[in-house]
Amino acid sequence: MVTPGADLAPLVATDRLTVDYGEGPALRDVTLTVPGGVMGAVVGPNGAGKSTLLKSVLGLLTPRSGRALLLGDSPHRTRHRVGYVPQRSSVDWDFPADAQTVVTMGLYRGLGPFRRPGRRERERAMQALETVGMGHLAKRQIGRLSGGQQQRVFLARALVQDPELYLLDEPLAGVDAASEAAIIAVLRSERERGKTVLAVHHDLVSLGDYFDWVALVNVTLRAQGPTATTLSEEALADTYGGRVVLAARPDRPGVREEAAVAT
Amino acid sequence: MPLELDPTVVTVAAGAVLLGLTSGALGTFAVLRRQSLLGDVMSHAALPGVVGGYLVAGTRTLPAMLAGALVTGLAAAALAWTLHRRLRVKSEAALGAALGLGFALGVVLLSYVQRQPGAGSAGLETFLFGQAAATLRSDLVVLMVVAALCLGAVTIFFGELELATFDPTYARARGHSVELYDAALTGLLAVAVVIGLQLVGVVLMSALVVAPAVAARQFARSLRGMFWLAGGTGAACALTGALVSAASPGLATGPVVVLVASVVAGLALLVGPERGRSAEA
């Protein structure tokens, strides 16, 4: 097992990053360093700028000041090598395509114009679907899949790229238990293969179980580091405005409600 | 049967098939990208361009009028975009303003031209509701070239267009030039609208773009399938409308085409297996 942050160059780094949508900063002065080889989470209340952080790192948003580095270079040069999983709600699933077609889209970039995805691409997509436990649903229309299954299709589309870094925006939001287990199992196995994972996450209860590295964000970066040492009551209270009392203990009943109030 | 012999009817039918095929197929992207209203804006705002093209060319020349229509149609789209994005006008209000302005300008220009002496100006008003009989043999070449260019461009870049339509954020993150494909698809929508103006008219043209795609969505299981099914549906509706209207002198073609297309779309919504009522079960 890889020790989080051990001797690996940061795959994601930001330097005093400030992003502004025109109504006050969404992110302010964020200096983040995500070590290679971690299973990392970005955590914070709603509207804290978690998705904004991910999109800035990918160069999808232009920062007002500061900069982001992705795989050690400008995001515009490196982002195509990242396995990006956007929020499931960001697309209209009422689109005429089956699961396998959407996964194959992860390979379009290598094809270029004129060439249609062939047998090799379809087979790789099929393998990725089997990895996320959806081989039997490859021909199902995406609009007829459950939310969790749609999320697994998105994960498979990133898997098929075989990237060294995964950036996932709320991969477990609105997902059934079986899909959650499947997604976490796949991400863990990717991490075991030396890949790095960074996911926006909203459930403080499962945070410690799933992720070994965490960044706490609420417009500014409140804390970052290994989950075990970073996730203190003080850090959480600072991030959520003092409304969470040790939410990261799954053994305590009623904690999920507290976490829900906070977000 | 006069249909088999009359070269005018053959020309009209061939023109209708080409227009319906192109507009219907390209309408796939308009419907999936929720740009149906934008198509309506472009078709209404095409009217000043049609008249302007006529004024510049001096006679009723299809390429000049289509080019003019393309210019003013896209200008109206740009106006709506500016109102919405830069001046924060709500999107449907911005689209409505651009549509109204473009169409009003067109009607004023049209009335002005019709008061001028000269034989050629007669018949420009057929661009309001369309007239199948106005299709000339020389127009067919223009229509064929435009249709081949549009459908060819989409076929070549099909994968990129599919990805940019389904998930633009992911496409951008993967380094695809989404802005370029957005612009290209808006341009193709303008072409889809403009190419059918002579047959269907500016007022109802967007229905020929939208209705076949809506019908095709009910049966298609892939974007490629929806694209060609919408094209075929558009061709069939346009052909039916053109033949009915050609057989009844004085009957404008556009309303007939749109009535046929609406019935087809309505039936598809009722019986189509992929979405709608039967898909709920």
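In this predicted model, chain A contains an open sheet of 6 strands, arranged in the order E6-E7-E8-E4-E9-E10 and joined by mixed pairing. Its edges are formed by strand E6 (82–85) and strand E10 (220–226) of chain A, each of which pairs on one side only, and from one strand to the next the twist averages 15 degrees.

Within this sheet, strand E4 (residues 39–43) of chain A and strand E9 (residues 213–218) of chain A run in the parallel sense and are paired over 4 bridges, with A:Ala41 standing opposite A:Val214 of E9(A). Helix H1 (residues 50–57) of chain A packs on the sheet, where it touches E4, strand E7 (165–169), strand E8 (196–200) and E9 of chain A, and the direction of this helix makes about 145 degrees with that of E7(A). Helix H5 (residues 147–159) of chain A also packs on the sheet, touching E6 and E7 of chain A, with a direction that makes about 170 degrees with that of E6(A).

Taken as a whole, chain A has 10 helices and 10 strands, and of its 263 residues 48% are buried. Among the contacts in chain A with a separation of 6 or more, 67% join residues that are 24 or more positions apart.

Chain A also meets chain B, in a contact that takes 22 residues from chain A and 24 residues from chain B. On the side of chain B that touches chain A, the elements that give two or more residues are helix H7 (158–166), helix H8 (168–173) and helix H12 (223–247) of chain B; by class, this side has 10 nonpolar, 8 charged and 6 polar residues.

Helix H12 of chain B, one of the elements on that side, also packs against H1(B): the axes of H1(B) and H12(B) come within 6 Å and cross at roughly 145 degrees, and the crossing is right-handed. The residues of this helix-to-helix contact comprise 19 nonpolar and 8 polar, with no charged residues.

The largest nonpolar core has 173 residues, and those with the most contacts inside it are B:Leu189, B:Leu208 and B:Ala238. Helix H1 (residues 7–32) of chain B gives the largest share of this core, namely 12 residues. Leaving aside residues up to four places away in sequence, B:Leu208 touches B:Gly20, B:Ser23, B:Gly196, B:Val200, B:Gly234, B:Cys237, B:Ala238, B:Val257, B:Val258 and B:Ala261; B:Ala238, one of these partners, is itself among the residues with the most contacts inside the core.

Technical notes
Residues are numbered from 1 along each chain as its sequence is written. Chains are lettered from A and ligands numbered from 1 in the order in which they are written. This is a predicted model: local features need pLDDT of at least 70, side-chain atom pairs count only at pLDDT 80 or more; totals for chains, interfaces and linings use all residues. A nonpolar core is a set of buried Ala, Val, Leu, Ile, Met, Phe, Trp, Tyr and Cys residues joined through C-beta atoms within 7 Å. A residue is buried if 20 or more other C-beta atoms lie within 10 Å of its own, exposed if 12 or fewer, and partly exposed in between; C-beta atoms are placed from the backbone. Two residues are in contact if their C-beta atoms, placed from the backbone, lie within 7 Å. Ala, Val, Leu, Ile, Met, Phe, Trp, Tyr, Cys and Pro count as nonpolar, Asp, Glu, Lys and Arg as charged, and the others, Gly among them, as polar. Axes are lines fitted to C-alpha atoms, for helices over the stretch in contact, and angles run from 0 to 180 degrees between N-to-C directions. A crossing is left-handed if the near helix is turned anticlockwise from the far one by less than a right angle, and right-handed if clockwise. Two strands pair if DSSP finds at least two bridges between them.
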